Amino acid sequence: MKIIMLGAPGAGKGTQAKKIAEKYQVPHISTGDIFRANIKNGTELGKKAKTFMDQGLLVPDELVVDLVVDRVAQDDCENGYVLDGFPRTIPQAESLDAALAKVGQKVDYAIDVDVPDENIVNRMSGRRACVGCGATYHIKYNPPKTEDVCDICGEKLILRDDDKPETVLKRLTVYHDQTQPLIDYYTKSGVLKQVDGTVDMEDVFQAIVKILGA
Ligand code: AMP
């Protein structure tokens, strides 16, 4: 089961991707998480990615495509995976399709978690991320058990630089320009499924389970 998550930043696709990975026992591959881990570890890739991420811009395709193509070729991806945050441009989608076609595979589902722009900025300002393990929360929709403390590792929760309102607006513009065309792309290839992302997170997940099968 090879699944791609689509949706604006803050639509909740990361949360849903984690739930899918858990239920269907496939790896959750988040390019944002991979970049953040690289930034934390001070790698060359991290340093390059950070300059784009802090401005709300996409990291250039050449820094992300090989990384994902290599990752999905690993053994734990044999039965599928859920890609969260990739592809984000048409060239990325084409590169993924080409890499999969070489081994006789294809994307099975592209799930678009649909949330209107008006809701996004509000949601993002309530988002909190763990400085330790990267887990994400929302102060209203998905709060941690103790305020500002990660349930998983106990580290501090912060508002990520790229979730600050001015950066969110930039990310939304980038999303509409560069990522939204993927909805057409995957509609044409017949794998697009849309779910309403404005409802409760459990209900969004149930809609996804209906699509993927229990
Ligand atoms: P995310 O956690 O998925 O919202 O990603 C955070 C940031 O990482 C994005 O705003 C981009 O700057 C960068 N990023 C993540 N995935 C990609 C990708 N597939 N292509 C380009 N940039 C990406």
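Me: Which residue places a polar backbone atom 3.0 Å from a nitrogen atom of the ligand?
Reply: This is a predicted model: local features need pLDDT of at least 70, side-chain atom pairs count only at pLDDT 80 or more, and totals for chains, interfaces and linings use all residues. Numbering starts from 1 along each chain as its sequence is written, and side-chain values use heavy atoms, with hydrogens and water left out. A polar contact here is a pair of N or O atoms within 3.5 Å; within protein, one must be able to donate a hydrogen and the other to accept it, and residues adjacent in sequence count only if both atoms are side-chain atoms. The backbone partner of the ligand nitrogen, at 3.0 Å, is Val59.

Me: What distance separates a polar side-chain atom of Arg171 from an oxygen atom of the ligand?
Reply: Arginine side chains reach ligand oxygens. For Arg36, an N or O side-chain atom is 2.9 Å from one. For Arg171, the distance is 2.7 Å.

Me: How much of the ligand's accessible area does the protein cover?
Reply: Areas come from the Shrake-Rupley method with a 1.4 Å probe; for residues, only the protein chains shown count as cover. On its own, the ligand has 480 Å² of accessible area. The share covered by protein is 95%.

Me: Which element gives the most residues to the shell around the ligand?
Reply: A residue is near a molecule or strand if one of its heavy atoms lies within 4 Å of it. There are 16 residues around the ligand, and those coming nearest include Thr31 and Gln92. Helices (H or I, at least four residues) and strands (E, at least two) are DSSP runs, numbered from the N terminus. With four residues, the leading contributor is H2.

Me: In what order do the strands of the five-stranded sheet run?
Reply: Two strands pair if DSSP finds at least two bridges between them. The sheet is open and its pairing parallel. E2 (28-30) and E8 (192-196) each pair on one side only, as edge strands. The order is E2-E3-E1-E4-E8.

Me: What angle does the direction of H2 make with that of E2?
Reply: H2 (residues 31-40) packs on this sheet, touching E2 and E3 (81-84), with contact meaning heavy atoms within 4.5 Å. Axes are lines fitted to C-alpha atoms, for helices over the stretch in contact, and angles run from 0 to 180 degrees between N-to-C directions. For H2 and E2 the angle is about 65°.

Me: Which residue in E4 is the bridge partner of Met5?
Reply: E1 (residues 2-6) and E4 (residues 109-114) pair in the parallel sense over four bridges. Met5 bridges to Ile111.

Me: Which residue in E7 is the bridge partner of Cys130?
Reply: The three-stranded sheet is open and antiparallel, in the order E6-E5-E7. E5 (residues 127-130) and E7 pair over two bridges. The partner of Cys130 is Leu157.

Me: How much of residues 127-162 is strand?
Reply: An unreviewed UniProt entry lists these residues as "domain: Adenylate kinase active site lid"; UniProt positions follow the numbering used here, feature names are shortened, and annotations may be inferred rather than shown by experiment. The end C-alpha atoms are 11 Å apart. Helix takes 0%, and strand takes 25%.

Me: Which residue is joined to Phe86 by a cis peptide bond?
Reply: Most peptide bonds are trans. Here omega is about -5°. The partner lies in the loop between E3 and H5 (90-102). The residue is Pro87.
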